[in-house]
Amino acid sequence: MSYPELPRNFLPHVTYIAYHKPRDNSWSLDRWLDHWSVIIVHEGSISCKIDNITHTVNAGEVFLTAPGVWRKAWVNSERFIISALDFSAPHSTSEAKTAIFRPLKLDSVTNILSRMNYINISKAEGYQMELDGMLLLFLHRLFHHSEVKESHPAVEKMKQYIIEYYMRPITAKDLSSLVGLDSAYCGKLFKAEQNCTIPQYINKVRVQAACGLLDQSGYSLDEIASMCGFCDKFHLGKNFKIIMGVSPKYYARQRALERKQG
């Protein structure tokens, strides 16, 4: 399934919240959407028509709609309970305008929305800033399904060590000693949990660190390679191209252009 993609580096703003609201079969929507919309169906079923395509959303499912479309919606069942959240953000960066999906942990998503609803009703000083901050957590839980999966404690410990010490040489022996497991078993466990080998994960972390340094001007590729745990700029360039699809120099030029245009 393709999802409407939110742009990078944006600050969304909550405009409407409804939590566990019962509706009858007279409920309907018919309007142009100039904002992002999330509808969670807790009980019953609804139909939503977007661009002449009718979608059915059942209990336990989430209906996401990007701005820039005309939306019609109506109830298909006698009993219907809904939660809804509208927020303003730039238009989708993909062609997809809608998505229907089941979050792996819907309770986690609705618990955040419940807290946001309370904040919105209470309207204490600074409530809008708190709402907008919690919206980022809500969207993360909604979209990044794999992030809510609990992994093996040994794998988490290895990942934390890699993230903390990526700038140093890291060996399989270091990690196996850290978690008290055989190095071969550590490798198999890590691959099963993360869908990549330990060296691949280390390189991903190092490349992400390199991206952060390339976003800043003033560092040479030799300096960045040294700070990120690569042998030299050629080792950095090879792994950067594999993971990012472009060279470090090309990435740096594009980021500089984006900053200039933004």
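Is Asn195 buried or exposed? Select it to begin the tour of this predicted model: Asn195 sits in the loop between helix 5 (183–194) and helix 6, and with a relative accessible area of 67% it is exposed. Its backbone also deserves a look, since phi of Asn195 is near 60°, a positive value in a residue other than glycine. Most residues other than glycine have a negative phi.

Before going further, colour the model by confidence. The mean pLDDT of the protein is 87, and 94% of its residues reach 70 or more. Among the elements, helix 7 (residues 221–227) has the highest mean pLDDT, 94, while helix 9 (residues 248–261) has the lowest, 82.

**The five-stranded sheet**

Select next strands 1, 8, 3, 6 and 9, which in that order form an open sheet with antiparallel pairing. Its edges are strand 1 (13–23) and strand 9 (98–101), each of which pairs on one side only. Averaged over the sheet and with direction ignored, neighbouring strands are turned by 10° against each other.

Within this sheet, move to strand 3 (residues 36–43) and strand 8 (residues 80–88), which run antiparallel and are joined by seven bridges; here Ile40 stands opposite Ser83 of strand 8. Then go to strand 6 and strand 9, an antiparallel pair joined by four bridges, where Phe63 has Ile100 in strand 9 as its bridge partner.

Stay on strand 9 and show its side chains. Thr98 and Ile100 point one way, Ala99 and Phe101 point the other way, and all of them are buried. In a regular strand the side chains alternate between the two faces of the sheet.

**Leu85 and its surroundings**

Now centre the view on Leu85, which lies in strand 8. Leu85 counts as buried because its relative accessibility is 0%, the cut-off for that class being under 20%. Leaving aside residues up to four places away in sequence, Leu85 touches Val14, Tyr16, Ile17, Trp36, Ser37, Val38, Leu113, Met116, Leu135 and Phe138. For a sense of scale, draw a distance from Leu85 to Phe190, a residue 105 places further on along the chain: their C-alpha atoms are separated by 37 Å.

**Two helices on the sheet**

Show helix 1 (residues 106–122) together with the sheet: this helix packs on it, touching strand 1, strand 3, strand 6 (62–65) and strand 8, and its direction makes about 110° with that of strand 1. Add helix 2 (residues 127–143), which lies across strand 1, strand 3, strand 6, strand 8 and strand 9 and runs at about 65° to strand 1.

How do the two helices stand to each other, roughly parallel or roughly antiparallel? Their axes come within 10 Å and cross at roughly 170°, and helix 1 and helix 2 are therefore roughly antiparallel to each other. To see the contact between them, select Ser108, Val109, Ile112, Leu113, Arg115, Met116, Ile119 and Asn120 in helix 1, which meet Tyr127, Glu130, Leu131, Met134, Leu135, Leu137, Phe138, Arg141 and Leu142 in helix 2. By class, this contact of helix 1 with helix 2 has 12 nonpolar, two polar and three charged residues.

**The four-stranded sheet**

Turn next to strands 2, 7, 4 and 5, an open sheet in that order with antiparallel pairing. Strand 2 (28–33) and strand 5 are the edge strands, each pairing on one side only, and the twist from one strand to the next averages 20°. Strand 2 pairs with strand 7 (residues 69–75) in the antiparallel sense over six bridges, and in this part of the sheet Arg31 stands opposite Arg71 of strand 7.

From here go to the loop between strand 4 (45–50) and strand 5 (53–58), where Asn52 is placed. Asn52 is not a glycine, yet it has a positive phi of about 65°; Asn52 is exposed, with a relative accessible area of 69%.

**A perpendicular helix pair**

Finish with helix 6 (residues 198–214) and helix 8 (residues 233–244), which pack at an angle of about 100° with their axes 10 Å apart; the two are therefore roughly perpendicular to each other. The residues to select are Asn203, Lys204, Val207, Gln208, Ala210, Cys211 and Leu214 of helix 6, with Leu236, Asn239, Phe240, Ile243 and Met244 of helix 8, which make the contact. By class, the contact of helix 6 with helix 8 has eight nonpolar, three polar and one charged residues.

Technical notes. Residues are numbered from 1 along each chain as its sequence is written. This is a predicted model: local features need pLDDT of at least 70, side-chain atom pairs count only at pLDDT 80 or more; totals for chains, interfaces and linings use all residues. Side-chain values use heavy atoms; hydrogens and water are left out. Axes are lines fitted to C-alpha atoms, for helices over the stretch in contact, and angles run from 0 to 180 degrees between N-to-C directions. Angles under 35 degrees count as roughly parallel, over 145 as roughly antiparallel, 65 to 115 as roughly perpendicular and the rest as oblique. Contact means heavy atoms within 4.5 Å. Ala, Val, Leu, Ile, Met, Phe, Trp, Tyr, Cys and Pro count as nonpolar, Asp, Glu, Lys and Arg as charged, and the others, Gly among them, as polar. Two strands pair if DSSP finds at least two bridges between them. Buried means under 20% relative accessible area, exposed over 50%, partly exposed in between (1.4 Å probe, protein chains only). pLDDT is the predictor's confidence in each residue, from 0 to 100.
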